[in-house]
2 protein chains.
Amino acid sequence: MDKRVLLKKDMKEKQELVNIILDRYLPRKDEYPKNLHKAMRYSVFAGGKRLRPYLTMLAYEMYKEEAEAITPVAAAIEMIHTFTLIHDDLPDIDDDEYRRGKKSCHALFGEGEALLAGDALLVSAFELITLAEIKPELRVRFIRELAHECGIEGLIAGQMVDIESEGKKVTKKTLQYIHENKTAKLINLSLRFGALAGGAPANELAALEEYGNYFGLVFQIVDDLLDIEGDPAKLGKSIGKDEQVQKATFPSVWGVEASRKQALELTEKAKQSISKLGDKAILLDALADYMLNRKS
Amino acid sequence: MDKRVLLKKDMKEKQELVNIILDRYLPRKDEYPKNLHKAMRYSVFAGGKRLRPYLTMLAYEMYKEEAEAITPVAAAIEMIHTFTLIHDDLPDIDDDEYRRGKKSCHALFGEGEALLAGDALLVSAFELITLAEIKPELRVRFIRELAHECGIEGLIAGQMVDIESEGKKVTKKTLQYIHENKTAKLINLSLRFGALAGGAPANELAALEEYGNYFGLVFQIVDDLLDIEGDPAKLGKSIGKDEQVQKATFPSVWGVEASRKQALELTEKAKQSISKLGDKAILLDALADYMLNRKS
């Protein structure tokens, strides 16, 4: 089978596995207090690509069969990702009415409700990791790394610099800080957790992390490019919003052409990083191309 | 020494221990991004009584000497408590400009900044627990229970019902749900973690949990009463704010006299619960009286 076809099939299968875990874990919509659970479910099932959980499961299956033991960890990462989207959309931060072509959480449920739904997803992600059937030491390690890279030295720190850069001209160094922290670290961690739980040897773990670094950057550059050039129907958000409010993006700092060139070069580097892993990295290789060429 | 004097001395000592851990763990104010760390520190060191960590350390010391091993867990609980205060004060929820006589976090740092500082405290609390020098199994258990009782079946759920009850007449059942979840569960958990880590036998753990349930309720009733009767200079917030916006409080649902009577009765029940634990519960006994009679 062509590796692109194989990739699409595998992504779809693993998306479904993650969705099953999320559906099982999250309280029903009609459980009290209903609006909390409705809001959580609404955002979790709003059409996310499940990219981060996919990376976790893919890396795990490079070393162990059947990704089921790691699925709660993968689902927890998706919950954390969803929490960041809900809070970012709030009037306190980006004030976005739409996300993936649908009303954002607060636009539909109210601001206080969305704030709390985000909080609940963040806190519940940690509960979900404690339920994974992996060694207690590994669960503690994942929680520590995830909390660290999501908090004061990661995602939230990146978001803080992002909001404080709004309306200002940012340097390349600041842009790098924002994206490394806001995007790349969680993507990288997704891959790392899968590899660690799978038992990847140290040199292969290093290769996967190198891939993760490049991949995370490509993901963000393409995201920024799609924001100014993409098809609004496919993207599900207003095009050019980042530009209007002068956000720190790759095209605004590097220019469109240079950003496109960089995405291409970094994709090659990502693929190079895992070339020595042989056949078991074939889907990661295909995924790098897929991310570069995505239209939404 | 009189037990009230002993209690005050012990509270002060343990407050200092918790403050040391919090100060060591949180990044310096001048670390990048500065406003994130300034905002986190501002709210964490805004004069909290450290009641929850005190309960954890007190319960632990009933069974083991020197509460140092449990201090990171105690400090983590305080960080979670602080996260709830920051998010509650946001315009999305209560829109409070003041907290403990000082500007609230968002009033001083901005709404996006306060939102992120709250998020960062929540996520960092979990990191801090992974660093406690207790068995990995116990760390996993504490994280699971804390995440559960702070999230979809606890604190955040209670807060959701609270905001959705605003401006409505609430039933006694709803009021009980709000306070059980929003206040009592975290207080109870604080005591429980200390007792569990200390190695309390099952019957004593049960007695402590009974105490925790009563104590948590008294804490909330007194809080509500102080809001309508307290001295604003001592409380550091505007008196009667709960009344103005018709919040679900004990005095508004039960009446002032009945609330006061209930607080007294529940304090007696709390003390009764631990009477069989003998001398080692002397400070918990004194603490129940202290909470009932507090003026701020």
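Helix α2(A) is mostly covered, with nine of its 11 residues buried. Keep in mind that this is a predicted model. The buried set in α2(A) runs through Asn35(A), Leu36(A), His37(A), Lys38(A), Ala39(A), Met40(A), Tyr42(A), Ser43(A) and Val44(A). And what does the covering? The cover over the buried residues of α2(A) includes α1 (3-25), α4, α5 (105-109) and α6 of chain A, together with α8 (155-165) of chain B.

**Where the chains meet**

That brings us to the contact with chain B. Chain A puts in 39 residues and chain B puts in 39 residues. On the chain A side, α2 (34-44), α6 (111-130), α7 (136-150) and α8 (155-165) each supply at least two residues. The largest share comes from α6(A), with 13 residues. Sorted by class, the side of chain A that touches chain B has 22 nonpolar, eight polar and nine charged residues.

How does chain A map onto chain B? A turn of 180° and a shift of 0.0 Å along the axis lays chain A on chain B with an RMSD of 0.0 Å. The two copies are therefore related as by a two-fold rotation axis. Both copies use the same surface, since 100% of the contact residues of chain A recur in chain B.

**The fold of one chain**

Taken alone, chain A has 15 helices and two strands. Its C-alpha trace spans about 50 × 45 × 35 Å along the principal axes. The radius of gyration of chain A is 18 Å, which agrees with the value near 19 Å for a compact globule of 296 residues. Buried residues account for 54% of the 296 residues in chain A. Of the contacts in chain A between residues at least 6 apart in sequence, 71% join residues at least 24 apart.

Helix α4 (residues 71-89) of chain A is worth a look. From its first C-alpha to its last, this 19-residue helix reaches 27 Å, close to the 27 Å expected at 1.5 Å a residue. Here 19 of the 19 residues of α4(A) are buried, so the helix is largely enclosed by the rest of the structure.

Which residues have the most contacts inside the largest nonpolar core? They are Ala117(A), Val218(A), Ala117(B) and Val218(B), in a core of 193 residues. Leaving aside neighbours within four places in sequence, Val218(A) is in contact with Ala263(A), Leu266(A), Thr267(A), Ala270(A), Met291(A) and Leu292(A).

**Backbone oddities and an exposed lysine**

A few spots have backbone angles to check by eye.

| Item | Angle |
|---|---|
| Tyr32(A) to Pro33(A), cis peptide bond | omega near -10° |
| Tyr32(B) to Pro33(B), cis peptide bond | omega near -10° |
| Glu66(A), not a glycine | phi near 55° |
| Arg100(B), not a glycine | phi about 50° |

Pro33(A) sits in the loop between α1 and α2 of chain A, and Pro33(B) is in the loop between α1 (3-25) and α2 (34-44) of chain B. Glu66(A) lies in the loop between α3 (51-61) and α4 of chain A. It counts as exposed, with 11 C-beta neighbours inside 10 Å. Arg100(B) belongs to the loop between β1 (98-99) and β2 (102-103) of chain B. Is Arg100(B) buried or partly exposed? Arg100(B) is partly exposed, because 15 other C-beta atoms lie within 10 Å.

Finally, Lys173(A) is part of helix α9 (residues 172-198) of chain A. Lys173(A) is exposed, with 8 other C-beta atoms within 10 Å. The C-alpha atoms of Lys173(A) and Gly158(A) are 12 Å apart, and the two residues are separated by 15 residues along the chain.

Notes. Residues numbered from 1 in each chain as written. Chains lettered and ligands numbered in written order. Predicted model: local features only at pLDDT ≥ 70, side-chain atom pairs only at ≥ 80, totals over all residues. Contact = placed C-beta atoms within 7 Å. Helix = DSSP H or I, 4+ residues; strand = E, 2+ residues; numbered from the N terminus. Nonpolar A, V, L, I, M, F, W, Y, C, P; charged D, E, K, R; others polar. Least-squares fit on C-alpha atoms with pLDDT ≥ 70 in both. Core = buried A, V, L, I, M, F, W, Y, C linked by C-beta atoms within 7 Å. Buried ≥ 20, exposed ≤ 12 C-beta atoms within 10 Å, placed from the backbone. Rg over C-alpha atoms; globule rule 2.2 N^0.38 Å. Expected span 1.5 Å × (residues − 1).
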